Amino acid sequence: MTLSFRSLTGFAALLLFLLSSFSFTSTEAYDPLDPNGNITIKWDVISWTADGYVAVVTIFNFQQYRHIQAPGWTLGWTWAKKEVIWSMMGGQTTDQGDCSRFKGNLPHCCRKDPTVIDLLPGTPYNQQIANCCKGGVINSWVQDPTNAASSFQVSVGASGTTNRTVKLPRNFTLKAPGPGYTCGPAKIVKPTKFFTHDGRRVTQAMMTWNVTCTYSQFLAQKTPTCCVSLSSFYNNTIVPCPACTCGCRNRTAPHETCVDANSNHLASVVSGSGSSNGNLAPLLQCTSHMCPIRVHWHVKQNYKEYWRVKVTITNFNYRMNYTQWNLVIQHPNFDNLTQSFSFNYKPLNPYQNINDTAMLWGVKFYNDFLNQAGPLGNVQSEFLFQKDKPTFTFEKGWAFPRRIYFNGDNCVMPPPNAYPFLPNSSRRQNASILILLIAILAATMILFAGI
C-alpha cells in the first residue's frame, strides 16, 4: 500500500511538472526563423593616446528581418576602472556626468555608466565618421545590407595604454529603441584588418573585442503588437483578429487610449499629441483587437494551375509611421511563388531545403513607407502561386499562412477552428455528424429491443 501511494505521488508530481512547463509563456529568445540572427557590437582600438586609446565602435545588425527604427538605438555600458570619454565623433553621450575633478579641458563624459546615441542626419562633416549620423536607424541585413551598420568614434582616457592594461567595459545594454535585447560579456577576438580603397595596403587594429546581443519579443513588450485577419472568395465570412489581442478598450477610463475613426475631434487629437512632441506612446484607432498593425490575408482567386492571394497591412497607430517595414510569412506554397506584384520578395530557408518562408518588404519610393492611421495608412500587394497538385487544397485552412511576423514581431493568428471553410466541407461535416447520430440512435434502439 505504501509503495503504491509513493508511486502515485511521484506520478502526480511528474504530471504537475509537465503541466507547469506547458503553462509558462515563451520568451521567443530563440527565433527558429532566424537562428543565427544577432546584433554584434565591435570595438576596434585604432590608436593609443597618452592616457588611453581611440576606438571605432560599430553596431552590426546581423538579423535577417528585424531592424532598429526611429528614434534609434541607445547603447550603454559600465567602465571597468575610472575611464572617461575625452571626445566623440559620429555619436554623443546623453549625460556628461560629474567632471569637477578636471581643470582646463573637460571630458565629453565622466559617468561610470555612459549612454551613447547616434547623431542626426545633417550633422557637420567634421563631426562625422563612416556609417554614422542616421538618427540611430539600422536596417535589417537582408532588406538593406548597405545600411545594416552604425558607427561612432570614441577617445577614452584613464584606461591603460597597452593590450594588457586596458580593461574591457562590462554590463552592456542595447535599446532599439525600447527594451528587448540582452547583451553578453565583451570578448577579445582577432584584431580587425582594414583595407585601403585600392586594396593594396592592409592595416590592423591594436585590439578588438565583440559584444553579442540577442532579441526577445517577450522582453520588448508584454503584449502583442500585431494580429492577422483572414477571408476567402469561397466563403462570405471575414475572420477578424481575435478580440482584445493587443489589449482591451477601456471605456470607463478618464482618458481613452484610442480614438474613433469617425470622431469629430479626430484631427485635433492627432495633431496635438504626435511623436513630434516627444510622446511615443501609441494612439490607436479604436478596434476590437486594439493592435497597432493588422495583416489581412485574402484568398482572392482560383485558376486551373494557379491561385492568387491579396495581403493588406493596415496601420492603426496615429503616432507612428513605419519606414522600411517588412513581413515574414510562412506558407508551404512559397516554394512555388510565381509573382509578387508590388512587394520585394526574398526566400528565407531556416530549415535548409524547405522553402516555406518568405520575407517581403515595400518597393523603394513606392510603398516602402507605411503611413500613420488614416486613409493612407495601408499598403497591399498580390501574390500568384503555382499549384503543387499533390499538396494543394482549400480544405482545412491549408490556404492560410502558418505564421506572420511584422517588423520581426510575431503576429497573433485567429484560432484554426475559425478559419473560412469550404461550403462542400461543411456539408460533408454535417453529413458525417448526421450519420453518426443515426448510428447512435440505431444502436440504442437495438439495445432496447434486446432488453
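**Overall fold, a charged patch and a buried strand residue**

K112 lies in the loop that links β5 (91–93) and β6 (115–118). The model described here is predicted. In this model, K112 has a relative accessibility of 42%. Partly exposed residues fall between the 20% limit for buried and the 50% limit for exposed, so K112 counts as partly exposed. K112 also belongs to a surface patch of positive charge. The other members of this patch are K82, R101 and R170. Residues in such a patch must have over 30% relative accessible area and no salt bridge.

V259 was examined next. This residue is part of strand β16, which covers residues 258–259. Its relative accessibility is 8%. Buried means under 20%, and V259 therefore counts as buried. V259 can also be placed relative to Y318. The two residues are 59 positions apart along the chain. Their C-alpha atoms are separated by 9.1 Å.

The protein as a whole has 451 residues, and 43% of them count as buried. Its secondary structure consists of 4 helices and 28 strands. Contacts were also sorted by separation along the chain. Among contacts with a separation of 6 or more, 71% join residues 24 or more positions apart. The accessible surface of the protein comes to about 24800 Å². Carbon and sulfur atoms account for 57% of that surface.

Conventions. Residues are numbered from 1 along each chain as its sequence is written. This is a predicted model: local features need pLDDT of at least 70, side-chain atom pairs count only at pLDDT 80 or more; totals for chains, interfaces and linings use all residues. Side-chain values use heavy atoms; hydrogens and water are left out. Patches are made of residues with over 30% relative accessible area and no salt bridge: like charges are joined within 9 Å, nonpolar side chains (Val, Leu, Ile, Met, Phe, Trp, Tyr) within 5 Å. Accessible areas come from the Shrake-Rupley method with a 1.4 Å probe; for residues, only the protein chains shown count as cover. A salt bridge is a side-chain nitrogen of Lys or Arg within 4 Å of a carboxyl oxygen of Asp or Glu. Lys and Arg count as positive and Asp and Glu as negative; His and the chain ends are not counted. The place of a charge is taken as NZ of Lys, CZ of Arg, CG of Asp or CD of Glu. Helices (H or I, at least four residues) and strands (E, at least two) are DSSP runs, numbered from the N terminus. Buried means under 20% relative accessible area, exposed over 50%, partly exposed in between (1.4 Å probe, protein chains only). Contact means heavy atoms within 4.5 Å.
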